[in-house]
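Let's take a walk through this one together, a piece at a time. Have the structure open beside you and follow along.

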Amino acid sequence: MAKNYAALAKDVVSALGGKDNIVAVTHCMTRLRFVLQDESAIDSATLKSISGVLGVVRNDNQCQVIIGNTVSQAYREVVNLLPAGMRPAEPQGPQKLTLRRIGAGILDALIGTMSPLIPAIIGGSMVKLLAMILEMTGVLTKGAPTLTILTVIGDGAFFFLPLMVAASAAVKFKTNMSLAIAIAGVLVHPSFIELMAKAAQGEHVEFAFIPVTAVKYTYTVIPALVMTWCLSYIERWVDKITPAVTKNFLKPMLIVLIAAPLAILLIGPIGIWIGTAISALVYTVHDYLGWLSVAIMGALWPLLVMTGMHRVFTPTIIQTIAETGKEGMVMPSEIGANLSLGGSSLAVAWKTKNPELRQTALAAAASAIMAGISEPALYGVAIRLKRPLIASLISGFICGAIAGMAGLASHSMAAPGLFTSVQFFDPANPMTIVWVFGVMALAVVLSFVLTLLLGFEDIPVEDEAEKARALQTAPVPAHEARA
């Protein structure tokens, strides 16, 4: 039965304290992401009980409401409830600075910036993969114009990633988007790229007598993200010091003259070092532990998704695929994690006596197995029933170990599922086809069996007769009695 998204949106907004309590709302692949004025106004029990809400994740004044694959429909209805031009007040007063708040702020900035870019990145990477397959099968020869154009189409989102990050971060940090894009554009300008190539070869490059570090910014995330965050403060400071009559021309000129050199000389190199350090840490663990690191990640992945921490790996995956053409730790671990949640949901659908839960479990299983979107299975089934989650974690560990031993690696960053399994095919090793489908089949079967063995406490079906009796014995409102 089709969901009534208008009613769902109305109930969600009401449980969040009403439209006046909503500062901002966005959505990612499966979640509505709210920033709230007063977190104490949230009615958590009511919010979690709303039909169509699969789960709720709270963090300070932010609340994520998990809807599933149809989140965009719910988002449209939520937006319709907010009057045009409405700008709820920002939380007032200074907030105490703690390590927890700093960590939450960094994670929120990363997730808030990267989530809107995921469709473009997935689309581009799948087109690149299509070009690779067409060349591998001989449909298109190397150097053919069609193949070149397809490769460029697929590479566009990666090559100009700093521009996309700057635009998305400008929305997140509430700064001027055109200025953010213009400054990020400096980092990927052909002349600047050529200059950095000369610097990398040992030629001395300086700006205003200050040496410029040789850095390549295409395919990167952190430099543009940090730069845009700094830009939000630079813009406010310049706005304060420029006279009103000169703001139209002097303000943007000063912002660009301050922010662009700062990005080139300081923020950019620091951002690259941060990104490189994170990537090096992740893959040092992989090099040291080998297949065990993939197994551990396969078991931890659903827990990371629960906290939103899985998005921390997005820049690392993007940069690794861009630099080496593949990623062999995080993405292979997701095969077992995603399809294990699907298999557990199938087992629940098989065993439950609750028609509504069966429908939810079947839809969640199809989403996880076919498309690799595991959050409906995670929040709608596994977390609600607990033991299916344990079965999924065990299966994810075992399947991750096998994927690691097989040396599987992804050439794209689409969520692993049957529809996207092609991203793990290695033209140099045709056996990867067998390994990918083998791991996927094992994940579904193993989690299915483990869920049946562990069992779960079924959600009882509400007695319709009892409901009818309750309605009959309920007191009649005075105005109806008079009628």
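Start with A24: its bridge partner in β2 is V35. This is a predicted model, so treat each feature here as part of a prediction. A second pair to look for is T26, which stands opposite R33 in β2. Both pairs fit into a broader pattern: β1 and strand β2, which covers residues 31-36, pair in the antiparallel sense over five bridges. As background, strands of a sheet pair through backbone hydrogen bonds, either parallel or antiparallel.

Now cross to the other side of β2. Five bridges join β2 to strand β4, residues 62-66, and the two run antiparallel. You can pick out R31, whose bridge partner in β4 is I66, and then L32, which stands opposite V65 in β4. From β4, carry on to β3: five bridges join these two strands as well, and they run antiparallel. Here N59 stands opposite Q62 in β4.

Put those pairings together and what do the four strands form? They make an open sheet, in the order β1-β2-β4-β3, with antiparallel pairing. The strands at the edges are β1 (22-27) and β3 (55-59); each has a single partner strand, so one side of each is left without a neighbour in the sheet. From one strand to the next, the twist averages 20°.

How enclosed are β2 and β4? Five of the six residues of β2 are buried, so this strand is largely enclosed by the rest of the structure. As for β4, it's mostly covered, with five of its five residues buried. It helps to know that in a regular strand the side chains alternate between the two faces of the sheet. In β4, both faces are covered: Q62, Q64 and I66 lie on one side, C63 and V65 on the other, and all are buried.

Leave the sheet now and head for the helices. Helix α6 (residues 145-159) and helix α7 (residues 161-173) have axes that come within 5 Å and cross at roughly 50°. That makes α6 oblique to α7. Which residues do the meeting? On the α6 side they are A157, F158 and F159, and on the α7 side L161, P162 and M164. The residues of this contact divide into six nonpolar, no polar and no charged.

Just past α7 there's a residue worth a pause. K174 is found in the loop between α7 and α8 (177-187), and it has a positive phi of about 55° although it is not a glycine. Why pause over that? Most residues other than glycine have a negative phi, and most peptide bonds are trans. Is K174 buried or exposed? With 58% relative accessibility, K174 counts as exposed.

Y219 also has a positive phi, about 70°, although it is not a glycine. You'll find Y219 in the loop between β6 (210-211) and α10 (222-241). Its surroundings are another matter: Y219 is buried, with a relative accessible area of 15%.

Follow the chain into helix α10 and you reach M227. At 2% relative accessibility, M227 counts as buried. What does M227 touch? Leaving aside residues up to four places away in sequence, its contacts are A166, A180, I183, A184, A263 and I267. Take A184 from that list: M227 and A184 are 43 residues apart in sequence, yet their C-alpha atoms are 8.1 Å apart in space.

Finally, bring in the record. An unreviewed UniProt entry lists "transmembrane region" for residues 106-127, 147-167, 179-197, 217-234, 254-282, 288-309, 389-413 and 433-456. Two of these spans can be checked against the model. Residues 179-197 are 89% helix and 0% strand, with end C-alpha atoms 26 Å apart. Residues 217-234 are 72% helix and 0% strand, and there the end C-alpha atoms lie 22 Å apart.

Terms used:
Residues numbered from 1 in each chain as written. Predicted model: local features only at pLDDT ≥ 70, side-chain atom pairs only at ≥ 80, totals over all residues. Heavy atoms only, no water. Pairing = 2+ DSSP bridges. Axes fitted to C-alpha atoms, helices over the stretch in contact; angles between N-to-C directions. Parallel < 35°, antiparallel > 145°, perpendicular 65-115°, else oblique. Contact = heavy atoms within 4.5 Å. Nonpolar A, V, L, I, M, F, W, Y, C, P; charged D, E, K, R; others polar. Buried < 20%, exposed > 50% of the residue type's maximum accessible area, 1.4 Å probe, protein only. UniProt positions renumbered as here; feature names shortened; annotations may be inferred.
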